[in-house]
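I am keeping short notes on what I look up in this structure. The entries follow the order of my queries.

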Amino acid sequence: MFCKYCGAELADTAAFCNKCGKPTTKPENRPPQPAQPAPQAPVEPPRYEPPKGPPRQPSVEMAGPEQEPPRRKGGYIALAVILCVLVIGAIVVLVMAMGILKPTSSDAEVSPSPSDVMETQPIESEPPEEDDKPTQTPDQEQSSYPIQLDMDELLSARINGATFREAWDQGWLDEWMNLYVNGSSDGSSPYEAYWYDDGLREWTYYGITYSQAASAGWGDIWLELLGSRDDDDPDTMDGDYLLPTDSQYIDKSDLAPFTKEEVSLIRNEIYARYGYQFSSQEIQDYFDRQNWYTPVEGLNASTFDTSVFNAYEQANLETILAYEREMGWRQ
């Protein structure tokens, strides 16, 4: 046989080639086996291999204490505003609480006294003169006549084609004034031409005093009209009541010509007839000037008995009080 590697002739029993030294064993005749894939070694994950050389230290910056990120300025402003509002609110609540808990001097003044809580008489049973203003005093210049006339308008007005002075020259001034003041000449108006003013203590012509007439340029006319009346003081005349409230019934139309102060005197006149003494000094002074008035010692609001009123006086008192309420002069 020959060596299959180098072709040298060998003995049939030679196991190796004596030339190349390779084995000469013939392979066994086996049936061909299907080729199987060569087993693969398990794949291991790559191992971490540290880099050669000394390890590198990461650069670390030197940092100070931990700091919060900066806040916006608007946040501080809003916080300050909220704190201010809270402080102010706390102060207001504290002040209110102190005001509620601490009694004030005004509270002490309005606290009712034992006499206040006692049952009082009805308002009709005593003259409420304390809340009334007296009539005008002598040192006041304004008349208490129901209508206050404007001098300029009076002297420039024309009635039936005539002025004030022309009517005087023609002899019909009283009719002219009645038309000017009342709108009619039938004498039905309650506004009288000749009026004595208790406050001014003098006579007036349709509420016009002599000084007013003289300033307007017709003092001579005034003197001729009222000269004879100037010394006739009605305070000295007997039975000179403002209204006859003790002998006849009156209604609201009877009170219409009078002012608030005069209506008050009419009401208190009902009491004055019985000698009632008034707490208002000015009202007392007014009735002291009346010759029919005789004050009774000790007769006042606490001692006066309205049962002395007759039917006229009781009814007229209620009428006057109702009229004062209607006019808004009394609650």
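Which residue forms a salt bridge with Arg267, and how far apart are the closest N and O atoms? I looked it up: the partner is Glu324, with the closest N and O atoms 2.9 Å apart. Arg267 belongs to helix 9 and Glu324 to helix 11, so the pair links distant parts of the chain, 57 residues apart. I checked exposure for both, and Arg267 and Glu324 are each buried.

**Confidence.** I note that this is a predicted model. The average pLDDT of the chain is 74, and 65% of the residues score at least 70. I compared the elements: helix 11 has the highest mean pLDDT, 94, and helix 2 the lowest, 40. I then listed stretches with pLDDT below 50, and residues 102-126 are one of them, with 17 contacts in the model beyond near neighbours in sequence. Residues 130-140 also stay under 50, and there I found 25 contacts beyond four places in sequence.

**Other salt bridges.** My count for the structure comes to 7 salt bridges. One of them joins Asp220 and Arg165, whose closest N and O atoms are 3.9 Å apart. Asp220 sits in helix 7 (residues 219-226) and Arg165 in helix 4, 55 residues away in the chain. I looked up their accessibility: Asp220 is partly exposed at 42%, and Arg165 is partly exposed at 35%.

I also found Arg158 bridged to Glu166, with 3.6 Å between the closest N and O atoms. Arg158 counts as exposed because its relative accessibility is 54%, and over 50% is the cut-off. Glu166, at 31%, counts as partly exposed. I recorded a network of salt bridges as well, linking Asp246, Glu269 and Arg273.

**Aromatic rings.** Arg273 came up again here, since its charged end sits over the ring of Tyr241, 4.3 Å from the ring centre. I searched the whole structure for aromatic pairs and got 24. In one, Tyr145 and Trp195 have ring centres 5.1 Å apart and planes at 85 degrees, so I entered the pair as edge-to-face. Tyr145 lies in the loop between helix 2 (105-110) and helix 3, and Trp195 in strand 1 (residues 194-197), so the pair ties together parts 50 residues apart in sequence. Both residues are buried.

Next I took Tyr271 and Phe304: their ring centres are 5.3 Å apart and their planes at 55 degrees, so this pair is tilted. Tyr271 is in helix 9 (residues 260-272), while Phe304 is in the loop between helix 10 (281-288) and helix 11 (311-326). Tyr271 is buried at 1% relative accessible area, and Phe304 is buried at 6%. I traced the ring pairs further and found a cluster whose members include Tyr241, Tyr271, Trp292 and Phe304.

**Backbone.** Most residues other than glycine have a negative phi. I therefore listed positive values in this model, and Asn160 has a phi of about 55 degrees. Asn160 is in the loop between helix 3 (151-156) and helix 4 (164-170), and is exposed at 65%.

Where does Tyr206 lie? I placed Tyr206 in the loop between strand 2 (202-205) and helix 6 (210-216). Its phi is positive too, near 50 degrees. Tyr206 counts as buried, at 3% relative accessibility.

How values were computed:
Residues are numbered from 1 along each chain as its sequence is written. This is a predicted model: local features need pLDDT of at least 70, side-chain atom pairs count only at pLDDT 80 or more; totals for chains, interfaces and linings use all residues. Side-chain values use heavy atoms; hydrogens and water are left out. Helices (H or I, at least four residues) and strands (E, at least two) are DSSP runs, numbered from the N terminus. Buried means under 20% relative accessible area, exposed over 50%, partly exposed in between (1.4 Å probe, protein chains only). Rings of Phe, Tyr and Trp (its six-membered ring) pair if their centres lie within 6.5 Å; planes under 30 degrees apart count as stacked, over 60 as edge-to-face and the rest as tilted. A charge sits over a ring if NZ of Lys or CZ of Arg is within 6 Å of the ring centre and within 35 degrees of the ring normal. pLDDT is the predictor's confidence in each residue, from 0 to 100. Contact means heavy atoms within 4.5 Å. A salt bridge is a side-chain nitrogen of Lys or Arg within 4 Å of a carboxyl oxygen of Asp or Glu.
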